[in-house]
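Good morning, and thank you for joining this short presentation. Please look at the sequence and the structure before I begin.

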Amino acid sequence: MKISGNCFDPLFWACITCLLFCSMVMGQAPTCTQLKFPADGDVDVSLSTDLEWDASPLATGYVLLVGTSVGGRDILDNVNVGNVTEYSLSSDLPPLQNIHVAIIPYNDQGLNGSCAEVVFTTISLDGLPGCATFTSPGHAAQDVAITPNLTWDSAIDASGYFLTIGTTTGNNIILNNADVGNATSFTSPRLMENTTYYVAIVPYNDLGVATGCGVQSSFTTGGPSGDIIGCTSLLSPTNGATNIPASTGISWASETDALGYFLTVGTTNNGDDILRSLDVGNTTSYQFSNDLPRGTTIFVTINPYTDQGRAQNCIEESFTIEFPLPTPDDLGVPSFFTPNNDGYNDTWIVSSSQDISIQNISVFNRFGKLIKQFSPDQGWDGTFNGRNLPSDSYWYSVELTNGPSLQGFFALKR
């Protein structure tokens, strides 16, 4: 195809425009991007948050500046993170602080330094869990077993714990901030005999790690004779099992040289409200005389014994009893009521039972509007803001304290 070169030729100008556009694109720096998470203006951001942003066209990499003031870089100072769209900070952000983030895209044409900062605010320390307290072995305990079971009180708002075990000199770290999950007991790896150990437990949750939790306890292991007899463990149900029938029994592995077993069972950590150090003799199973409470975690400690004494610091294990979805009949939910002040069925009422504990009850109209919320045994008289509501079908939601909620409907008849 021949182009005339005549300035009045439309094809001539089309080619010129194309050449100009292509040359601009080939030499163009990348456009700015936008922080996607946390977003600009977000508040109560987790201290352990990661940064995520949208990809910038033409960018082959990004530089990050992060600080606690406008233009600040006290957290990240011109860090080239490469051609990625997310970055995990190496340490937690400071609490209750405005965090300024600048994302600078670049390519072989250079950096785009004109991109605006975004700002978000981190959560206060009030959302972090508190510290936990060791309960066993006791502080400065002596002659502790060389594979001790460590236990601690649960910390408010904690979703898990980091555990550290080491010698007094710090030269022999057995565990270093090991994540032991949301448990309150842990069986230590085998320790050295006649040695003093320091232990620290640090709670964490989705907002970050508890602060100010240093070494909380220490203990000294015994010699070879310190272990009178070893501990055993559950075979059925297994530790951590769920949806276990309420009529279950338990069984455990036999321990060599054991003359019998003490059994402690409760519904809380270190609890004994079901069995308290019951000597079940030289057997490896036990059947409870009553069903275990539904929807409840059961905690079990088994201590073998000989004529020299009982095993010490045996680990507490647990399993959770099933909670089948209750039926309206289980809760005694009325299918209708007649609020006409005749003394019969004047209120719609649902009550807790021995096995099922109700937290609260909500009533809605057929369009989903909340009409009434109340506690069990209070009941509803069929009014809203002091006005009688008409005969109709109404929906309910019964929220249980130890299981799933139950929904259904009932009739108001006048």
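I start with a definition: a disulfide is a pair of cysteine sulfur atoms within 2.5 Å. By that criterion, the structure holds 2 disulfides. Please keep in mind throughout that this is a predicted model.

Which residues form these bonds? One disulfide is formed by Cys-32 and Cys-115, with 2.1 Å between their sulfur atoms. This pair links distant parts of the chain, 83 residues apart. Cys-32 sits in the loop between helix 1 (10–26) and strand 1 (35–37), while Cys-115 sits in the loop between strand 7 (110–111) and strand 8 (118–121). The torsion about the S-S bond of Cys-32 and Cys-115 is about -100 degrees, and the disulfide is therefore left-handed. As for solvent exposure, Cys-32 is partly exposed, at a relative accessible area of 34%, whereas Cys-115 counts as buried at 14%.

Another disulfide joins Cys-231 to Cys-314, with an S to S distance of 2.0 Å. The link of Cys-231 and Cys-314 is left-handed, with -85 degrees about the S-S bond. Cys-231 lies in the loop between strand 17 (217–221) and strand 18 (234–236), and Cys-314 in the loop between strand 24 (309–310) and strand 25 (317–320), so the pair ties together parts that are 83 residues apart in sequence. Cys-231 is partly exposed, with a relative accessible area of 32%, and Cys-314 counts as buried at 7%.

I turn now to the sheets. One open sheet has 3 strands in the order 9-11-14, with antiparallel pairing. Its edge strands are strand 9 (134–136) and strand 14 (185–187), each of which pairs on one side only. From one strand to the next, the twist averages 30 degrees. Strand 11 (residues 149–152) and strand 14 run antiparallel and are joined by 3 bridges. Within strand 14, Ser-185 stands opposite Thr-151.

Another open sheet has 5 strands in the order 26-32-31-27-28, and its pairing is mixed. Which strands stand at the edges of this sheet? They are strand 26 (336–337) and strand 28 (370–374); each has a single partner strand, so one side of each is left without a neighbour in the sheet. Strand 26 runs parallel to strand 32 (residues 406–412), and 2 bridges join them. The bridge partner of Phe-336 in strand 32 is Ala-411. In addition, the charged end of Lys-413 sits over the ring of Phe-336, 4.8 Å from its centre.

These strands also bring us to the aromatic residues. The whole structure contains 17 aromatic pairs. One of them is the tilted pair of Phe-337 and Phe-410, at 6.0 Å centre to centre and 50 degrees between the planes. Phe-337 belongs to strand 26 and Phe-410 to strand 32, 73 residues apart. Are these two residues buried or exposed? Phe-337 is buried, with a relative accessible area of 1%, and Phe-410 is buried, also with 1%.

The rings of Trp-380 and Tyr-394 have centres 5.5 Å apart and planes at 70 degrees, so this pair is edge-to-face. Trp-380 lies in the loop between strand 28 and strand 29 (383–384), and Tyr-394 in strand 31 (residues 392–400). Trp-380 is buried at 1% relative accessible area, and Tyr-394 is buried at 4%.

Finally, ring pairs link Phe-337, Trp-348, Trp-380, Tyr-394, Tyr-396 and Phe-410 into a cluster. Thank you for your attention.

Note on methods:
Residues are numbered from 1 along each chain as its sequence is written. This is a predicted model: local features need pLDDT of at least 70, side-chain atom pairs count only at pLDDT 80 or more; totals for chains, interfaces and linings use all residues. Side-chain values use heavy atoms; hydrogens and water are left out. Helices (H or I, at least four residues) and strands (E, at least two) are DSSP runs, numbered from the N terminus. Buried means under 20% relative accessible area, exposed over 50%, partly exposed in between (1.4 Å probe, protein chains only). Two strands pair if DSSP finds at least two bridges between them. Axes are lines fitted to C-alpha atoms, for helices over the stretch in contact, and angles run from 0 to 180 degrees between N-to-C directions. Rings of Phe, Tyr and Trp (its six-membered ring) pair if their centres lie within 6.5 Å; planes under 30 degrees apart count as stacked, over 60 as edge-to-face and the rest as tilted. A charge sits over a ring if NZ of Lys or CZ of Arg is within 6 Å of the ring centre and within 35 degrees of the ring normal.
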